[in-house]
Amino acid sequence: MSTTILLVEDEFLLREATCEDLRELGYEPICASRADEAWPVLTSDVDIAGLITDIRMPGEWDGWELARRARELRPKLGVVYVSGFSETGPQPVPGGIFLKKPFRFTEIRSALDQIVNGRSG
């Protein structure tokens, strides 16, 4: 059984490429372009091992708010933030990991190892 990762990214090409990378790493990605598309997944009974979210995206919630609300529902949910800006932000959830775009395949693999498997490296 695959481990499900929820990816929220508004840039179409980056979302599609990252979804493919997640599949290559053996994960089952659920991909959304905005927080309001991701929220129904988070409130469902789907077992989600990790959330990868862009910080700046269209809609009412940014990635900081989505992750905060997701953690209220799912306290053990691992979170990886991605952004083209160098901000780490004032609102990361405890244990959240920040990756600056463009990130490399090895960086996303390492971040997922940390949040899903509890490993570093």
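In the predicted model, the buried residues of helix 2 pack against four elements, namely strand 1, strand 2, strand 3 and helix 3. These buried residues are A35, A38, V41 and L42. They lie on the same side of helix 2, because the arc they cover around the axis is only 110°. P40 also lies in helix 2, but P40 is partly exposed, with a relative accessibility of 46%. Between the C-alpha atoms of P40 and E107, which are 67 residues apart along the chain, the separation is 28 Å.

Confidence in the prediction was considered for the chain and for its elements. The mean pLDDT of the chain is 89, and 70 or more is reached by 92% of its residues. Among the elements of the chain, helix 2 has the highest mean pLDDT, at 97, and strand 5 the lowest, at 88. Where pLDDT is low, predicted coordinates should not be read in detail.

Two aromatic pairs are present in the structure. W39 and W61 make up an edge-to-face pair, with 5.1 Å from centre to centre and 85° between the planes. W39 belongs to helix 2 (residues 35–42) and W61 to the loop between strand 3 (48–54) and helix 3 (63–73), so the pair ties together parts that are 22 residues apart in sequence. The relative accessible area of W39 is 24%, and this residue is partly exposed. W61, by contrast, is buried, with a relative accessible area of 15%. A tilted pair is formed by W64 and Y81, with a centre-to-centre distance of 4.6 Å and an angle of 45° between the planes. This pair links distant parts of the chain, since W64 is in helix 3 and Y81 in strand 4 (residues 78–83), 17 residues apart. Both W64 and Y81 are buried.

The nonpolar interior was examined next. In soluble globular proteins, nonpolar side chains tend to be buried together. The largest nonpolar core of the model has 20 residues, and those with the most contacts inside it are L6, V8, L42, L51, L66 and Y81. At least two residues of this core come from each of strand 1 (3–8), helix 2, strand 3, helix 3 and strand 4. Another core, of 15 residues, lies apart from it and includes L7, C19, I97 and I108. With residues up to four places away in sequence left out, L51 touches L6, V8, L66, A67, A70, L77, G78, V79, V80 and I115.

G50 is a residue of strand 3. G50 is buried, and its relative accessible area is 0%. Not counting residues up to four places away in sequence, G50 touches T4, I5, L6, L77, G78 and I115. The C-alpha atoms of G50 and V80 are 7.8 Å apart, while 30 residues separate the two along the chain. T4, one of the residues touched by G50, is found in strand 1. T4 counts as buried, at 11% relative accessibility. Neighbours within four places in sequence aside, T4 is in contact with E28, I30, V46, D47, I48, A49 and G50.

Helix 4 (residues 105–117) has 13 residues. From its first C-alpha to its last, helix 4 reaches 17 Å, close to the 18 Å expected at 1.5 Å a residue. Its buried residues are I108, S110, A111, L112, D113 and I115. Among them, I108 belongs to the core of 15 residues, whereas I115 is touched by L51 and by G50. The buried residues of helix 4 pack against strand 1, helix 1 (12–24), strand 2 (27–32), strand 3, strand 4 and strand 5 (97–100).

Two backbone features flank this helix. Most residues other than glycine have a negative phi, and most peptide bonds are trans. G118, just after helix 4, takes a positive phi of about 70°. The peptide bond from K101 to P102 is cis, with omega near -5°. P102 has its place in the loop between strand 5 and helix 4.

Key
Residues numbered from 1 in each chain as written. Predicted model: local features only at pLDDT ≥ 70, side-chain atom pairs only at ≥ 80, totals over all residues. Heavy atoms only, no water. Phe/Tyr/Trp six-rings, centres within 6.5 Å; stacked < 30°, edge-to-face > 60°. Buried < 20%, exposed > 50% of the residue type's maximum accessible area, 1.4 Å probe, protein only. Core = buried A, V, L, I, M, F, W, Y, C linked by side-chain atoms within 4.5 Å. Contact = heavy atoms within 4.5 Å. Expected span 1.5 Å × (residues − 1). pLDDT = per-residue confidence, 0-100. Arc of directions from axis to C-beta.
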